[in-house]
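I opened this structure to see how its helices pack and what lies inside. The notes below follow the order in which I looked things up.

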Amino acid sequence: MSAEDVKLKLVEVEEPDENDYRLQEQVGFILRKAHQRHVSIFAAHIADLTPPQFAALAKLHDVGETSQNQLGSLIAMDAATVKGVIDRLKARGLVELSKHEVDKRRLLVSLTADGRNAVERLIPIALDITQETLAPLSAKEAAIFMKLLAKLA
């Protein structure tokens, strides 16, 4: 066997068959692992709220009072999920609900004073969580990664 034949054989061995399925190379698997890492970092820094609860508080801080359905749309949650999140935040005194003046079926959600204080205290921590999550990447890689993820979302 010539040196060229050996080289070709090595290349053939290194290249995966296009029909091979390797779980660890699949986008869903890698995204799930990255998400698990981020949630673990989040829980280590903000133990008393879940990421969806924090997202609701942060978005209410950004937009002010809004309908429960609109809040769900803004934070990418279906109606049932956002209702559960809001119910738990309400039970903790972080948000309050009120009826819309014209459409009484429409529930409006707003931060309470305690909710506003909590989210303002947590936003700097959330920024640190993002930095820690992205820490394995260079600044340039992190910017590209965020841009690419936004294209998938």
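**Helix 3 and helix 6.** I began with this pair, in what is a predicted model. Helix 3 and helix 6 have axes 10 Å apart and pack at an angle of about 105 degrees. I count angles from 65 to 115 degrees as roughly perpendicular, so helix 3 and helix 6 are roughly perpendicular to each other. I then listed the residues that meet: Phe54, Leu57, Ala58 and His61 on the side of helix 3, and Arg116, Val119, Glu120, Leu122, Ile123 and Ala126 on the side of helix 6. By type, the residues of this contact are seven nonpolar, one polar and two charged.

**Ala126.** I looked at one residue of that contact, Ala126, which is found in helix 6. Is Ala126 buried or exposed? Its relative accessibility is 14% and the cut-off for buried is under 20%, so Ala126 counts as buried. I also checked Ala126 against His45: they are 81 residues apart in sequence, and their C-alpha atoms are 8.3 Å apart in space.

**Helix 3 and helix 5.** Next I took the pair of helix 3 and helix 5, whose axes come within 10 Å and cross at roughly 80 degrees. Helix 3 and helix 5 are therefore roughly perpendicular to each other. Pro52, Gln53, Ala56 and Leu57 in helix 3 are met by Val85, Ile86, Arg88 and Leu89 in helix 5. I sorted the residues of this contact into six nonpolar, one polar and one charged.

**Helix 3 by itself.** Helix 3 covers residues 51–63. At 1.5 Å a residue, its 13 residues should span 18 Å, and I find its end C-alpha atoms 18 Å apart, which agrees. Which residues of helix 3 are buried? I noted Gln53, Phe54, Ala56, Leu57, Ala58 and Leu60. Just after helix 3 comes Gly64, with a positive phi of about 80 degrees.

**Helix 5 by itself.** I ran the length check on helix 5 as well: 13 residues at 1.5 Å each should span 18 Å, and the end C-alpha atoms are 18 Å apart, in agreement. The buried residues here are Val82, Gly84, Val85, Ile86 and Leu89. I asked what covers them. The cover includes helix 3, helix 4, strand 2 (95–99) and strand 3.

**The core.** I turned to the largest nonpolar core, which has 25 residues. Which of them touch the most other members? Leu57, Leu89 and Val95 do. At least two residues of this core come from each of helix 2 (27–45), helix 3, helix 5 (79–91), strand 3 (107–111) and helix 6 (113–134). For Val95 I set aside neighbours within four places in sequence and found contacts with Leu57, Leu60, Ile86, Leu89, Lys90, Val109, Ser110, Leu111 and Thr112.

**Ser67.** I placed Ser67 in strand 1 (residues 66–67). Ser67 is buried, as its relative accessible area is 6%. Beyond neighbours within four places in sequence, I find Ser67 in contact with Arg106, Leu107 and Leu108.

**Ala76.** My last entry is on Ala76, in the loop between helix 4 (68–74) and helix 5. Most residues other than glycine have a negative phi. I made a note of Ala76 since its phi is positive, near 60 degrees, in a residue other than glycine. Ala76 is exposed, with a relative accessible area of 73%.

Conventions. Residues numbered from 1 in each chain as written. Predicted model: local features only at pLDDT ≥ 70, side-chain atom pairs only at ≥ 80, totals over all residues. Heavy atoms only, no water. Helix = DSSP H or I, 4+ residues; strand = E, 2+ residues; numbered from the N terminus. Expected span 1.5 Å × (residues − 1). Buried < 20%, exposed > 50% of the residue type's maximum accessible area, 1.4 Å probe, protein only. Core = buried A, V, L, I, M, F, W, Y, C linked by side-chain atoms within 4.5 Å. Contact = heavy atoms within 4.5 Å. Axes fitted to C-alpha atoms, helices over the stretch in contact; angles between N-to-C directions. Parallel < 35°, antiparallel > 145°, perpendicular 65-115°, else oblique. Nonpolar A, V, L, I, M, F, W, Y, C, P; charged D, E, K, R; others polar.
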